[in-house]
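Biologist: I am new to this structure and would be grateful for a close look at a single part of it, set in the context of the whole. Please choose the part yourself, and explain any term that the reasoning requires.

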Amino acid sequence: MFKNLSLRTKIFSLVSIVVVVSFLTLTLVVSNKTFEMAKKDAFNLAQETADKYKNEIKAELQGARITAETLSTVFESLKDNGLTDRKMMNDILRHALSKKEYITAFCIAYDPDALDGKDKEFAGMKPAYDETGRFAPYWNKLGGNIDVEPLYDIDIADWYIVPKETLHEYITDPYPYEVQGNSVMLASIIFPILHKGKFIGIMSSDFVLDKLQEMISKVNPYGQGGYTEILSNAGAIVAHPDTPRLGKDLMEARVYEMLTSERSKVGESIKYAEEYIAENPVEDQNDKDQAARYDKLIQFVAKLKEYAGKFDPAQLDLSLLTPEMAQAMLKADPARLRYAIEAKDAIKNGGIYTASTKEFYTVYMPVRFSSVTNPWSVAVSIPMTKILDEANNTRNYVVMVSVVAIGLIACILYVIAKNVTMPILLLSNTAKVLGEGNFDIEVPLIQSNDEIGALSKAFKFMAEKINNLIKEMQQYAKTLEEKNIYLNRLNELKDEFLANTSHELRTPINGIIGIVESMIDGAAGSLTNEQKYNLAIVSNSGKRLSNMINDILDFTKLKNKEIVLQIKPIDLKTIVDTVIVLSKPLIKGKELTLVNEIDSSLAAVNADENRIQQILYNLIGNAIKFTEKGKVSVSARVVDDKAAVSVKDTGIGIAEEKFDRIFESFEQADGSTAREYGGTGLGLSITKKIVELHGGTIRVESKPGEGSQFTFTVPLSDEKREDVALSEALRSIIDMEDFAVADQAVKEDAASEGRRRILVVDDEPVNIQVLTNLLTIRDYSVFKAYNGLEALDLIEKGKEFDLVLLDVMMPKMSGYEVCRHLREKYSLFDLPIVMLTAKNQIQDVILGFQSGANDYLQKPFDKEELLARVGTLLELKSAMTAAMAATKAKSLFLTNMSH
């Protein structure tokens with residue numbers, strides 16, 4: 001929709017949106033900042049209020065603290081001076097209690113027999129002693145009169161244990177106490193009594209915290225709605241404007257807030273309360289306290305269920321609730337539970353804690369009475385509405401100013417947009433006419449010196465330029481069309497050339513193969529095994545050449561998706577046998593075995609016989625190429641409805657990061673003269689595509705140094721294996737091992753005395769056989785090496801040769817390197833070297849002579865030229881040898897004559 005608007009509307013809308021968003025952002029930032037400042041002001045107010053109450057609380061406790069500390073010092077002195085008269089000490093306590101108006105009770109308690117060792121004498125003496133006679137009187141005026149009674153369960157009370165362990169003063173958590181029908185909050189400040197540095201008892205002053213309650217009730221921070229409360233170190237409420245909360249734990253207070261503000265939480269909290277009761281049954285049925293506490297919890301849940309039906313906050317009674325059950329019930333409101341836990345932790349550790357709820361912003365400030373006593377806390381709660389008032393007022397003011405500013409800016413924008421867009425609209429209409437292809441119109445020129453005027457001039461110039469370019473492009477388009485027609489014709493000629501070349505190459509190759517195989521079969525008379533062996537090399541070399549031609553032509557066909565498969569049932573095991581026979585010449589010079597491990601019972605497969613042969617030939621040939629010794633095996637298994645054929649070798653292996661690259665066209669590890677492994681780089685690429693045409697997949701598993709395994713899949717056939725016929729082409733493959741003959745050079749080595757010894761070095765067995773045949777006819781003894789290292793090894797072992805025929809492109813070590821090694825030991829005349837290679841560049845010839853070659857002959861060579869050059873070099877060697885012998889004889893003769 002926005003793209004259909006006019007430019008004027010777009011400019012006005014976009015700028016207006018930016019302005020509005022900017023003002024809204026400003027309003028939000030100002031509101032947040034104001035809110036943060038209001039919270040900071042509230043925090044400062046809370047801190048001031050807390051500081052005020054700190055002093056009030058300390059002043060309230062100070063009298064009781066001084067009295068307790070003074071009495072503990074007096075009783076320590078009495079003990080140190082042996083003046084431990086119990087009557088006198090009770091008189092001191094009674095008299096002090098009558099004089100100290102702010103103190104409600106004194107408590108003094110000694111360890112058994114720690115005062116004077118006379119506990120047994122006072123056992124059971126009422127009203128100050130229990131049956132043990134321990135000196136632990138509790139003097140109080142809580143009932144209006146000054147009375148005394150013994151203290152019980154002293155040794156298990158915190159107010160006795162803590163001073164005994166720490167030897168420091170201790171303030172108890174406040175606790176509610178009923179005095180003349182009123183509930184008041186009491187607290188005790190306790191000092192240890194020491195004798196010779198050892199604890200013997202405590203001195204305690206109890207005081208009422210009603211003055212703190214009076215102060216709390218009079219102060220409302222931030223006016224109506226705020227309140228202040230004082231909490232003990234354990235989180236119990238010491239003072240609060242709402243008196244029913246006195247003595248309640250912070251957990252219980254949060255439960256009260258939850259149950260009175262959110263009716264939906266009541267039912268869930270009842271569930272958690274019942275779970276708590278079920279998890280905490282009475283452990284000792286004879287313990288009346290446990291049973292009573294358990295009954296109170298049951299009663300509380302019953303009252304809570306009544307409250308859930310009415311939801312009248314005035315009737316909510318939490319008197320039977322315990323802090324532990326309150327914490328369990330707060331699971332119904334995780335936020336309040338987290339608030340209560342964090343606040344109690346902060347109070348206990350004497351830290352500052354702030355909390356924000358929808359109703360209040362609360363600050364908890366610690367109150368410390370001394371360095372050794374547990375801190376209390378003053379909590380100041382300020383209504384959130386009061387905090388937000390200032391922020392809201394500021395926000396409203398900013399919004400009002402923003403609305404006025406936006407209105408003014410909108411008017412200004414409209415005027416500017418109108419003036420700016422008029423010339424642009426004129427140019428836009430002109431552009432529309434030009435866009436329709438009419439470039440001959442006159443482009444209007446806007447007379448102004450601003451950017452619009454410059455744009456108008458540039459637009460006019462551009463239109464004229466485009467008009468000229470269009471005319472040129474039309475001419476170029478015509479030329480390009482003619483070129484495309486020409487290129488399409490060339491492409492057709494290329495396809496015709498490839499098809500014709502394929503036919504022309506295959507015809508003579510098939511003729512050669514046919515004639516050779518007919519001669520092996522006896523068409524020209526009987527032949528020796530040696531003759532048959534040579535003819536078998538010719539036949540199988542022709543078939544290898546035919547496969548190479550197929551790869552090159554198939555690459556083009558696969559690229560153009562022109563290959564059509566001739567699918568029929570075929571026998572995998574027989575085809576593998578045939579390919580292995582065809583591949584055996586490739587292993588010349590290697591300690592390598594080719595093994596067909598396919599089970600005879602494997603079902604036939606539906607595939608193109610020639611393409612499967614092509615796949616296997618590429619994979620087996622690849623395995624032979626990269627394996628020096630060990631085994632290349634072919635196996636197959638049935639996976640679902642397909643045969644999975646694996647070609648496994650013990651060769652060099654492939655790094656995992658190259659798994660994908662090896663299936664790319666023309667991918668080779670090395671392209672140098674002395675590269676380790678040859679090939680066109682098309683085999684695996686074509687193999688992958690042919691496998692996929694059959695509906696299969698191919699994958700590789702390999703580790704460097706541990707060999708490789710290529711596995712491809714091909715669909716199974718429903719026909720039985722024995723019903724599948726082998727094609728004539730596969731039946732005609734000749735196994736050269738049937739005509740294998742002993743190595744000619746080895747055979748005649750013993751009878752080679754007087755014959756010239758020639759070492760032939762070539763990695764291609766066919767080339768070696770050709771040279772062997774040519775040289776043997778001329779009565780030379782021929783020795784063979786399939787790579788440069790093997791040749792150097794023969795010479796190092798003491799074999800002597802008259803001449804070396806050396807191929808240039810060989811694995812592991814090039815002919816150039818072999819020649820340089822030989823020249824380090826033999827001169828040009830001691831061992832002539834003729835290089836044979838298909839490399840015919842002038843720099844290759846120069847490099848050969850620089851490496852020390854005597855002669856350089858290009859493949860394919862004329863046999864007469866080869867024999868002539870070999871004969872010439874051997875004659876030169878003989879002549880030089882004779883000349884050097886004559887010179888040596890003459891020198892010896894002259895030496896003898898001089899004597």
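Modeller: A residue counts as buried when its relative accessible area is under 20%, as exposed when it is over 50%, and as partly exposed in between. The model is a predicted one. The cut-offs can be applied at once to Leu-167, which has a relative accessibility of 36% and therefore counts as partly exposed. Leu-167 sits in the loop that runs between helix 3 (158–166) and strand 4 (170–171). Although Leu-167 is not a glycine, its phi is positive, at about 60 degrees. Lys-196 is another non-glycine residue with a positive phi, in this case about 55 degrees. Lys-196 belongs to the loop between strand 6 (182–195) and strand 7 (198–208), and its relative accessible area of 76% makes it exposed.

Some context for the whole chain is useful before the close look. The protein chain contains 22 helices and 24 strands. Of its 899 residues, 43% are buried. The chain exposes about 48,400 Å², and 55% of this comes from carbon and sulfur atoms. When contacts between residues at least 6 apart in sequence are considered, 66% of them join residues at least 24 apart.

The part I have chosen is an open sheet. Five strands form this sheet, in the order 14-16-17-19-18, and their pairing is mixed. Its edges are strand 14 (591–596) and strand 18 (698–702), each of which pairs on one side only. On average, and with direction ignored, neighbouring strands of the sheet are turned by 15 degrees against each other. Helix 13 (residues 572–583) packs on the sheet and touches strand 14, strand 16 (629–639) and strand 17 (642–649). The direction of helix 13 makes about 160 degrees with that of strand 14. Helix 14 (residues 609–625) lies across strand 14, strand 16, strand 17, strand 18 and strand 19. With respect to strand 19, helix 14 runs at about 175 degrees.

How do the strands of a sheet pair? They do so through backbone hydrogen bonds, in either a parallel or an antiparallel arrangement. In the chosen sheet, strand 18 and strand 19 (residues 708–715) show the antiparallel sense, with five bridges between them. Within this pairing, Ser-702 is placed opposite Ser-708 of strand 19.

A residue outside the strands may be added here. Ile-690 is part of helix 15 (residues 683–693), and with a relative accessibility of 1% it counts as buried. Its C-alpha atom is separated by 7.0 Å from that of Arg-611, although their positions lie 79 residues apart along the chain as a sequence separation.

Other strands elsewhere in the chain may be set beside the sheet. Strand 10 (residues 353–356) pairs with strand 11 in the antiparallel sense over four bridges, and a hairpin of three residues joins the two. Ala-355 stands opposite Thr-362 of strand 11. Strand 11 also pairs with strand 12 (residues 376–383), again in the antiparallel sense, over eight bridges. One of these bridges links Pro-366 to Ser-377 in strand 12. Strand 11 (residues 360–367) is mostly covered, since seven of its eight residues are buried.

For a contact between helices, one may turn to helix 20 (residues 815–823) and helix 21 (residues 842–851). Their axes come within 8 Å and cross at roughly 25 degrees. Angles under 35 degrees count as roughly parallel, and helix 20 and helix 21 are therefore roughly parallel to each other. On the side of helix 20, the residues in contact are Tyr-816, Cys-819, Arg-820 and Arg-823, and they meet Asp-844, Leu-847, Gly-848 and Ser-851 of helix 21. Sorted by class, this contact holds three nonpolar, two polar and three charged residues.

One backbone detail completes the account. The peptide bond that joins Lys-126 and Pro-127 is cis, with an omega of about 5 degrees. Pro-127 lies in the loop between strand 1 (103–110) and strand 2 (137–140).

Notes: Residues numbered from 1 in each chain as written. Predicted model: local features only at pLDDT ≥ 70, side-chain atom pairs only at ≥ 80, totals over all residues. Heavy atoms only, no water. Pairing = 2+ DSSP bridges. Axes fitted to C-alpha atoms, helices over the stretch in contact; angles between N-to-C directions. Contact = heavy atoms within 4.5 Å. Buried < 20%, exposed > 50% of the residue type's maximum accessible area, 1.4 Å probe, protein only. Areas by Shrake-Rupley, 256 points an atom, 1.4 Å probe, with all protein chains shown as cover. Parallel < 35°, antiparallel > 145°, perpendicular 65-115°, else oblique. Nonpolar A, V, L, I, M, F, W, Y, C, P; charged D, E, K, R; others polar.
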